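Here is a small set of exercises to work through with the structure open beside you. Try each task before reading its solution.

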Amino acid sequence: MVHDEGMQDINALPPHIQARFSKRPRHNSSFAGINKDPATDKAQSRRASILESRKNLLRARAVHAEKVRSRCHKDSHEALAARLMALQSSLSQAQKSRNAILAKTAAACANEVAKAKQIAQEIKLKREEEAKALKDGMADRLLEAEKRRLELQRTRRNSRRSRGSSSSIKADVEASESLESISVEERKRSKEEAAVTIQRAYRLNRNRQVVRMFMDLGLTVESVRDSPFDEISALMNEERVQRATSRLLQLCGLLQATKGTTTAKEDVVDTEKACRIFLSAYVILGHPSQVLSNDGQDEKSLITKSKDLLCAFESWVSSASPINSFMGSRSLREALISSWEQFSMAFSSWKERDSRYLLVLLIQTFAELDLIMHKMKDENDPVTMDYKEGIREQQLTLLVRIRQLAGDRTRSMIKKAVLQTRKARLPKKEDHRPRGAEAETPAQASSSTSVVQSQPTAISESPAVDSRPRAEEPLLMGMTNREIVHELALDKNFRLKPRKKSPIEELVEAQAKRAFYDIMREGIEKGDMESWIPQMAQAIREKLLRLFEPTQSLYKVIENVFDIQLIQQQCRVGNYDYIKLFNWILSLLPKICSPARDLVVQQLIQFEGDFIVRLDKLMDVLDLLILDQTNFTLMQSAPLLISQAIPYERRTFTTELQSGKTKLDKTRQWLADARDSKYATAMDRNPEGVNFDTNMPTAEAIYNQGLLSLVISLDELKPEDVPETFHLDVERLIGYRDTVRKIVISSAIVLTVKNLLRRDVRQSWKPLKDKVVALIDKNYRIDATELITFIQEITALPPAVQTHIKSATAKICNLAHPDAVLRLIFNRLKSFIDIRLNAQGSRQRAKLASAVSETLASYGMEEQIGDVTTLLESVERLAGYNRVTYEELYNTILEELGSGVANAA
């Protein structure tokens with residue numbers, strides 16, 4: 001027991017700890033359910049949920065930290081690898097650059113060493129030649145001294161011969177014999193040496209004169225550059241320059257080097273050609289812009305070879321001295337010959353290519369002049385005849401130049417070019433003359449124009465400017481008499497065309513016709529022919545009768561066949577054969593239609609289908625035949641209408657002014673703006689303010705400036721901004737501006753592509769121009785991807801160039817903010833048309849017309865020659881007609897504006 005108690009004392013807790021345990025609540029599992037506190041349970045559950053949420057948060061943070069650590073670890077490896085790759089790339093690039101620099105340095109050192117060796121060799125050869133000359137001179141002196149010594153000895157012996165002994169006499173005889181033998185040999189040798197000496201002196205003096213004659217000309221690159229091009233050209237053609245150059249080329253051996261490389265027959269040396277080629281090197285370096293019309297690779301190579309030739313030539317001339325008989329150093333002469341051969345080949349290649357281009361340009365110009373002559377062949381007024389004479393003179397001048405370049409091929413090449421130009425530029429001639437039409441007499445032609453002269457009141461009653469009233473006559477195809485006369489005055493080959501309908505009008509017309517023909521088909525199928533067949537016959541009868549004159553036989557035949565009362569009676573009883581009538585009409589059409597409508601008529605005859613559908617097609621064909629008949633009548637009446645066009649249009653416009661339907665506010669503002677622009681330009685060119693009449697713009701110049709502002713612009717033309725005197729030409733002016741935009745955009749893009757590909761800007765890329773024009777949409781935008789695809793089909797296109805073409809195309813097509821290339825082309829086109837409009841006299845016009853191709857090619861618009869020429873001819877016709885028609889009105893307005901510089905600032 002004692003032991004147990006001791007053990008209990010030992011195991012007993014200290015009092016303070018025992019007290020703590022006694023204060024803590026004891027939870028007996030067996031009594032937990034009995035003593036359970038709800039508040040404690042709620043706290044326990046809340047604590048557990050908080051702990052769980054914190055565990056989840058810590059777990060999520062741990063996962064996120066692991067992801068961040070792994071990503072950073074991964075990124076660090078990738079970044080390190082990228083840096084290593086970049087470092088390796090930079091090292092390799094640096095190594096390449098170092099190798100390139102070393103190679104360049106080695107090449108430069110090698111060139112310097114080669115030059116040093118060459119100079120050393122030249123100095124060595126020069127010293128050897130000097131030593132040889134000294135040696136030869138010393139030998140000549142020793143020979144002369146020996147001659148004088150022997151002569152002196154002989155003289156002394158002769159003086160002692162008389163008083164000498166026999167032995168001495170004998171010795172003297174032997175000495176004299178030996179001396180005579182020596183003197184004979186010396187005389188022989190002295191003659192040869194004298195000839196050589198004389199020849200050497202002659203060549204020395206001749207070569208000195210040749211070099212001095214050329215040096216006296218003062219030809220250097222600097223002197224040529226400082227002199228005007230015309231003076232240098234005249235100087236190069238002078239006889240003294242040609243003679244001095246030919247003698248110098250003969251001296252330095254270039255003429256012998258030319259033999260075998262020229263194009264002359266049997267390798268004959270053409271001295272004049274060689275002189276021209278050599279002197280061209282000075283002109284090329286002195287005036288490259290005047291000689292070379294392009295900056296391509298061939299031109300750059302030619303300039304480089306010109307520099308090499310002249311450098312080698314100057315080195316050779318500097319080495320020419322009396323020591324080498326002014327023949328120069330042998331090594332420098334060989335280097336000069338080598339440079340000459342390279343320059344000759346490059347010059348011949350460039351000249352041949354330039355000659356081909358010039359030949360094409362001259363032939364194209366000749367064809368353009370022939371086209372102008374062809375268009376004016378029926379005009380015989382004095383001004384036109386003078387213009388034709390000027391064109392003929394220009395054609396003769398071109399023919400001489402073409403024959404110099406083409407030789408025997410001149411005739412065939414010109415004929416081919418003329419035929420191609422006429423085929424491409426002239427409208428295709430289709431015979432629209434109806435076969436049933438009989439030639440009208442002058443009285444009939446005069447009566448056919450009476451509709452124009454007898455209805456000024458009807459025209460004046462039409463809306464004034466913005467409206468386009470339809471004439472009451474169905475033959476006018478929606479055009480008034482004044483509009484028809486106006487179009488004929490501007491284009492004698494004008495023909496009426498069906499009025500262009502809007503999509504809505506076409507849709508409404510198609511639906512109305514469909515409904516009408518459906519009702520007609522239904523009525524005929526039900527047997528109600530009386531309501532439809534007579535109306536159909538009456539409509540066809542009216543259309544057919546409009547194709548003939550009442551005096552023609554077919555007119556009466558048609559009246560008899562289309563007896564409407566008889567047709568109504570037969571339809572009423574139901575025994576009328578309308579199919580037979582239809583077939584008779586089809587058999588008549590080939591006899592009365594024009595040759596141009598044969599295909600359409602045959603298609604109608606061969607068409608097998610519903611009768612109603614065939615009837616619809618028949619009505620369309622009859623409308624075409626009526627149009628041909630109307631145009632035929634208009635063609636016969638055209639000469640009389642054109643002769644009366646100006647007074648008729650002037651009279652109708654005056655009537656509109658007097659009635660108050662038209663005002664001149666827009667015309668007055670248009671002329672004021674043009675006048676201010678011309679006066680401002682005149683003041684800029686006359687800073688001293690000298691008021692000479694020649695400094696002031698004329699009324700014609702002001703008018704041309706105004707017309708130029710209407711035609712040549714990148715902005716959209718609004719009809720309300722058009723002057724009243726041009727209200728019949730609104731659509732024409734809008735078409736002009738559309739053409740100008742397409743010309744400028746396509747030219748700018750083609751020129752940009754040529755520059756990016758380093759091609760000759762004078763080289764024609766017409767397929768590319770046609771593709772660009774085809775890709776221009778209504779908003780003047782271009783699909784650059786499709787354009788690049790097309791360019792890749794015709795030439796190689798590096799990726800870098802593709803990117804530049806895309807960006808350049810986007811800039812060029814942005815008309816709101818024109819690109820620099822676009823502005824350049826636009827200004828060139830505007831100045832070109834301005835010069836043509838202000839040409840004075842027929843001779844100047846003919847001269848400018850002959851230079852169209854060359855001028856546009858120099859502008860980088862080789863592909864646009866045809867389009868620009870067509871635009872220019874149309875603008876010139878409009879300007880001439882409008883100015884003559886309203887000249888008095890324009891002069892009156894300009895007088896009202898006054899002669900001062902109004903609003904010029």
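**Exercise 1: a serine in a helix**

S246 is buried, with a relative accessible area of 16%. Find the helix that holds S246 and the residues that S246 touches beyond its close sequence neighbours.

Solution. Keep in mind that this model is predicted.
- Step 1: Locate S246, which sits in helix α7 (residues 239-252).
- Step 2: Check the burial. The cut-off for buried is under 20% relative accessible area, and S246 has 16%, so S246 counts as buried.
- Step 3: Set aside neighbours within four places in sequence; the contacts of S246 are then L255, T271 and C275.

**Exercise 2: the whole chain**

How many helices and strands are in the chain, and what percentage of its residues count as buried?

Solution.
- Step 1: Count the elements: the chain has 37 helices and 0 strands.
- Step 2: Turn to burial. Of 905 residues, 36% count as buried.
- Step 3: Look at contacts between residues at least 6 apart in sequence; 73% of these join residues at least 24 apart.

**Exercise 3: a threonine in a loop**

Is T725 buried or exposed? Work out where T725 is found and what it contacts.

Solution.
- Step 1: Place T725 in the loop between α28 (699-711) and α29 (730-756).
- Step 2: Apply the under-20% cut-off. The relative accessible area of T725 is 3%, so T725 is buried.
- Step 3: List the partners. Without neighbours within four places in sequence, T725 is in contact with F653, T667, N882, Y886, L889 and Y890.

**Exercise 4: from the loop into the next helix**

Describe how α29 crosses helix α30 (residues 766-775) and which residues make the contact.

Solution.
- Step 1: Take the axes of α29 and α30, which come within 9 Å and cross at roughly 135°.
- Step 2: Name the arrangement: α29 is therefore oblique to α30.
- Step 3: Add the handedness; α29 passes α30 in a right-handed crossing.
- Step 4: Pick out the contact residues. α29 supplies S746, I749, V750 and V753, while α30 supplies L768, K769, V772 and V773.
- Step 5: Sort them by class, which gives 6 nonpolar, 1 polar and 1 charged residues.

**Exercise 5: a second helix pair**

Repeat the analysis for helix α19 (residues 503-525) and helix α25 (residues 611-643).

Solution.
- Step 1: The two axes come within 10 Å and cross at roughly 130°.
- Step 2: α19 and α25 are therefore oblique to each other.
- Step 3: The crossing of α19 past α25 is right-handed.
- Step 4: On α19, the residues in contact are K513, Y517, M520, R521 and I524, and they meet I612, V613, L615, D616, M619 and D620 of α25.
- Step 5: By class, this contact has 7 nonpolar, no polar and 4 charged residues.

**Exercise 6: one side of a helix**

Why are the buried residues S842, A846, A849 and S850 of helix α34 (residues 841-850) placed on the same side?

Solution.
- Step 1: Mark S842, A846, A849 and S850, which are buried in α34.
- Step 2: Their arc around the axis is only 95°, so they lie on the same side of α34.
- Step 3: Recall the general rule: an α-helix has 3.6 residues a turn, so residues three or four places apart point the same way.

**Exercise 7: a histidine and its partners**

Which residues does H374 contact, leaving aside neighbours within four places in sequence?

Solution.
- Step 1: Find H374 in helix α12 (residues 330-375).
- Step 2: Read off the contacts of H374, R422 and L426.
- Step 3: Compare positions. H374 and R422 are 48 residues apart along the chain, and their C-alpha atoms are separated by 8.8 Å.

Technical notes
Residues are numbered from 1 along each chain as its sequence is written. This is a predicted model: local features need pLDDT of at least 70, side-chain atom pairs count only at pLDDT 80 or more; totals for chains, interfaces and linings use all residues. Side-chain values use heavy atoms; hydrogens and water are left out. Axes are lines fitted to C-alpha atoms, for helices over the stretch in contact, and angles run from 0 to 180 degrees between N-to-C directions. Helices (H or I, at least four residues) and strands (E, at least two) are DSSP runs, numbered from the N terminus. Angles under 35 degrees count as roughly parallel, over 145 as roughly antiparallel, 65 to 115 as roughly perpendicular and the rest as oblique. A crossing is left-handed if the near helix is turned anticlockwise from the far one by less than a right angle, and right-handed if clockwise. Contact means heavy atoms within 4.5 Å. Ala, Val, Leu, Ile, Met, Phe, Trp, Tyr, Cys and Pro count as nonpolar, Asp, Glu, Lys and Arg as charged, and the others, Gly among them, as polar. Buried means under 20% relative accessible area, exposed over 50%, partly exposed in between (1.4 Å probe, protein chains only). The arc is that of the directions from the helix axis to the C-beta atoms.
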